[in-house]
Amino acid sequence: MNDTILVVGAGPTGLSAAHGIASVGRKVVLVEKEDRLGGAPILSGYAKLVPSGEWAKDAIGRMVQRVEQNQLISVFKDTKVTQFDGGHGDFSATLSNGQTVQASAVVLGTGFTHFDSINKPEWGFGTFADVVTTTQVEQMLVAGKIACPSDGRAPERVAILLCVGSRDRQIGREWCSKICCTVATNQAMEIKELSPKTDVYIYYMDIRTFGLYEDKFYWKSQEEFGTKFVKARIAEVTIAPDGKRLLVKGEDTLVKRPIVIPFDLVVHAIGMDPNEDNPEIAKVFGVGLEHHGFVDRGEHYTSSFASTRPGIYVGGSALGPEDIDTCVSHGLAMAMRAVGDLEARARKAA
Ligand SMILES: Cc1cc2nc3c(=O)[nH]c(=O)nc-3n(C[C@H](O)[C@H](O)[C@H](O)COP(=O)(O)OP(=O)(O)OC[C@H]3O[C@@H](n4cnc5c(N)ncnc54)[C@H](O)[C@@H]3O)c2cc1C
Ligand code: SF4
């Protein structure tokens with residue numbers, strides 16, 4: 001039986017899994033398709049993370065560093081698995097760089113893809129320069145300046161629209177992306193900190209700052225930073241008669257009246273889509289996808305993190321929307337499962 005475990009994807013999930021496997025003395029081959037490790041928080045340039053308040057480059061940077069410095073972990077960047085054969089205990093993976101890796105088990109930490117707001121055209125993204133996404137706001141926060149892309153002015157009024165690309169059956173995305181309410185309420189506070197004269201409005205269907213995030217983000221955002229919450233159904237985002245500002249049009253669902261407010265900057269709180277590579281991943285690794293397109297699980301309770309193929313484990317946002325804390329736990333749990341199952345097999349064979 002081979003000593004090596006293959007980990008695919010180097011976001012929070014894959015980094016946590018790789019470190020967990022190496023910490024019990026097993027070798028890891030970590031394959032990442034991009035030229036940097038760290039997953040979405042690094043690749044999309046997130047600012048301060050919720051709930052810790054730590055800069056993503058520091059928090060995730062530490063995870064990257066301990067993997068890159070671990071002698072038991074071999075890292076392949078800019079690389080994908082193109083062919084995959086064998087069975088639990090004896091897999092063989094061909095990489096896009098031509099190398100072959102023998103591995104006894106596989107951990108998929110292949111993550112998600114950000115929703116592309118172009119798929120919600122009536123809300124103005126791609127039409128108006130001053131309609132942006134939460135990932136763009138993260139990058140503005142990193143740069144230390146909140147500005148309207150059209151002319152660089154500091155916005156007097158910002159609207160953050162929740163559930164863009166989530167909980168929207170019209171575009172085939174019924175799921176809640178779990179983290180965007182918390183990220184949006186946090187961004188509202190950070191915008192106010194950077195630009196105290198800016199007023200921030202959050203348009204919502206429901207607020208889901210789940211668990212312990214309720215007081216730290218939802219209440220703090222409105223009580224200490226003056227964020228205004230508007231429960232509304234949004235119809236469209238159009239340009240105002242001044243040709244400069246944007247009009248958010250919809251219905252205030254509390255008072256059941258039409259509502260039209262002008263804004264300088266409109267932000268789409270984008271959701272988490274299945275990884276756009278998932279059809280390819282399913283084909284190469286022979287694992288199933290659930291009906292939305294996320295990677296499917298085996299059995300939940302006594303075979304946690306099993307995919308539909310024995311010896312291949314899946315966790316983090318490859319399974320569905322998750323926050324980073326959960327992904328880190330999934331990574332460690334997969335390490336435990338992958339190693340534990342191999343040791344049980346070895347004991348049985350002895
Ligand atoms: C705007 C926004 C802000 C957010 N802010 C926060 C926050 O502050 N706090 C928080 O807890 N969560 C936040 N999240 C959620 C966070 O991004 C995810 O929880 C986290 O990135 C998921 O980690 P992951 O490792 O499962 O997936 P990912 O981060 O997506 O990493 C997957 C990795 O796998 C690689 N990969 C994909 N396919 C392949 C392939 N075929 N072969 C090889 N490699 C592959 C990718 O390149 C990537 O590096 C935010 C989400 C959004 C949308
Ligand atoms: S977390 Fe909030 S913004 Fe995100 S999909 Fe769920 S309800 Fe909508």
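User: Of the 40 residues around ligand 1, which come nearest?

Analyst: One begins such a reading with the ligand and then lists its neighbours. In this predicted model, the residues that come nearest to ligand 1 are G9, G11, G39, G111 and G316.

User: Which helices and strands each supply at least two residues of the shell around ligand 1?

Analyst: The next step is to assign the neighbours to elements of secondary structure. Here the elements are the helices α1 (12-23), α2 (40-43), α4 (134-143) and α8 (324-349), together with the strand β8 (112-114). By class, the shell around ligand 1 has 18 nonpolar, 14 polar and eight charged residues.

User: How is the protein chain divided into domains?

Analyst: A domain may be built from separate stretches of the chain, and the bounds should be read with this in mind. Domain 1 comprises 4-111 + 275-349, while domain 2 comprises 117-271. Their C-alpha centres lie 33 Å apart.

User: How many residues of domain 1 are in contact with domain 2?

Analyst: Contacts are counted from both sides. On the side of domain 1 there are 12 residues, which touch 16 residues of domain 2. The side belonging to domain 1 has five nonpolar, four polar and three charged residues.

User: Why can ligand 1 be said to lie between the domains?

Analyst: The question is settled by the origin of the shell. Both domain 1 and domain 2 give residues to the shell around ligand 1, so this ligand lies between them.

User: Is strand β11 largely enclosed or largely open?

Analyst: For a strand, one examines each residue in turn. Five of the six residues of β11 (residues 199-204) are buried, so the strand is largely enclosed by the rest of the structure.

User: Which strands pair with β11?

Analyst: Pairing is described by its sense and its bridges. Strand β10 (residues 157-164) pairs with β11 in the parallel sense over five bridges, and V158 has V200 of β11 as its bridge partner. From β10 the chain passes through helix α5 (residues 180-194) to β11, and this β-α-β crossover is right-handed. Strand β12 (residues 228-239) also pairs with β11 in the parallel sense, over four bridges; there, Y201 stands opposite K228.

User: Which residues come nearest to ligand 2?

Analyst: The procedure used for ligand 1 may be repeated. Of the 13 residues around ligand 2, those that come nearest are C163, S166, C176, C180 and C181. Both β10 and α5 supply at least two residues each to the shell around ligand 2. By class, that shell has six nonpolar, three polar and four charged residues.

Conventions: Residues numbered from 1 in each chain as written. Chains lettered and ligands numbered in written order. Predicted model: local features only at pLDDT ≥ 70, side-chain atom pairs only at ≥ 80, totals over all residues. Domains from an automatic or database assignment. Contact = placed C-beta atoms within 7 Å. Nonpolar A, V, L, I, M, F, W, Y, C, P; charged D, E, K, R; others polar. Near = placed C-beta within 6 Å. Buried ≥ 20, exposed ≤ 12 C-beta atoms within 10 Å, placed from the backbone. Pairing = 2+ DSSP bridges. Right-handed = clockwise from strand over helix to strand, strands pointing away.
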